[in-house]
Each structure stands twice: as C-alpha cells, then as structure tokens.
Amino acid sequence: MTLVLVLSSAALGRPVTLVGCGASAVLLIAVGEAGNGLRQRLRHRTRRAG
C-alpha cells in the first residue's frame, strides 16, 4: 500500500516522504478494516432479524 502511494504521488509530481505515505497507508487500512467490520456486523443483524 505504501509503495502504491509513493508511486502515485511521484506520478502526480507531488513528492512526499516514505514515512508520510506509510502513515497514510496505515490510516487507509484501518478505516477499511473498520468499515468491513461494521458491514459484517450489520449483515449479521439483518440475517438474524429476517
């Protein structure tokens, strides 16, 4: 994920540090995992009620 962010920022001509891209990658992964957990919880509730 960090490599994708570094390469995309380089392609856009906006150089950033590896640490900045690493922090952004961690944030994106954490938000994605939280969303996935919420989605699964809601799916489980819907199946139980239905």
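Me: Buried means under 20% relative accessible area, exposed over 50%, partly exposed in between (1.4 Å probe, protein chains only). Why is Ser9 called buried?

Reply: Ser9 has 12% relative accessibility, so it counts as buried. This is a predicted model: local features need pLDDT of at least 70, side-chain atom pairs count only at pLDDT 80 or more, and totals for chains, interfaces and linings use all residues. Residues are numbered from 1 along each chain as its sequence is written, and side-chain values use heavy atoms, with hydrogens and water left out.

Me: Where does Ser9 lie, and what does it touch?

Reply: Ser9 sits in helix H1, residues 2-11. Helices are DSSP runs (H or I, at least four residues), numbered from the N terminus. Contact means heavy atoms within 4.5 Å. Leaving aside residues up to four places away in sequence, Ser9 touches Arg14, Pro15 and Val16.

Me: What makes the link from Ser9 to Val6 a polar contact?

Reply: The rule asks for a pair of N or O atoms within 3.5 Å; within protein, one must be able to donate a hydrogen and the other to accept it, and residues adjacent in sequence count only if both atoms are side-chain atoms. The side chain of Ser9 reaches the backbone oxygen of Val6 at 2.8 Å.

Me: Why is H1 said to lie largely in the open?

Reply: H1 has 10 residues and the number buried is one, so it lies largely in the open. Val4, also in H1, has 54% relative accessibility and therefore counts as exposed. Just after H1, Gly13 takes a positive phi of about 80 degrees.

Me: How do you know that the span of H2 agrees with its length?

Reply: The expected span is 1.5 Å times one less than the number of residues. For the 32 residues of H2 that gives 46 Å; the end C-alpha atoms are 47 Å apart, which agrees.

Me: Why is Leu28 called partly exposed?

Reply: Leu28 has 45% relative accessibility, so it counts as partly exposed. Leu28 belongs to helix H2, residues 18-49. Its contacts, not counting residues up to four places away in sequence, are Met1 and Leu5.

Me: Which residues of H2 are buried, and what helps cover them?

Reply: Cys21, Gly22 and Ala25 are the buried residues of H2. Their cover includes H1. Thr2, Leu5 and Val6 in H1 meet Leu18, Cys21, Gly22, Ser24, Ala25 and Leu28 in H2.

Me: What makes H1 and H2 oblique to each other?

Reply: Angles under 35 degrees count as roughly parallel, over 145 as roughly antiparallel, 65 to 115 as roughly perpendicular and the rest as oblique. The axes of H1 and H2 cross at roughly 125 degrees and come within 8 Å. H1 and H2 are therefore oblique. Axes here are lines fitted to C-alpha atoms, for helices over the stretch in contact, with angles from 0 to 180 degrees between N-to-C directions.

Methods
Helix = DSSP H or I, 4+ residues; strand = E, 2+ residues; numbered from the N terminus.
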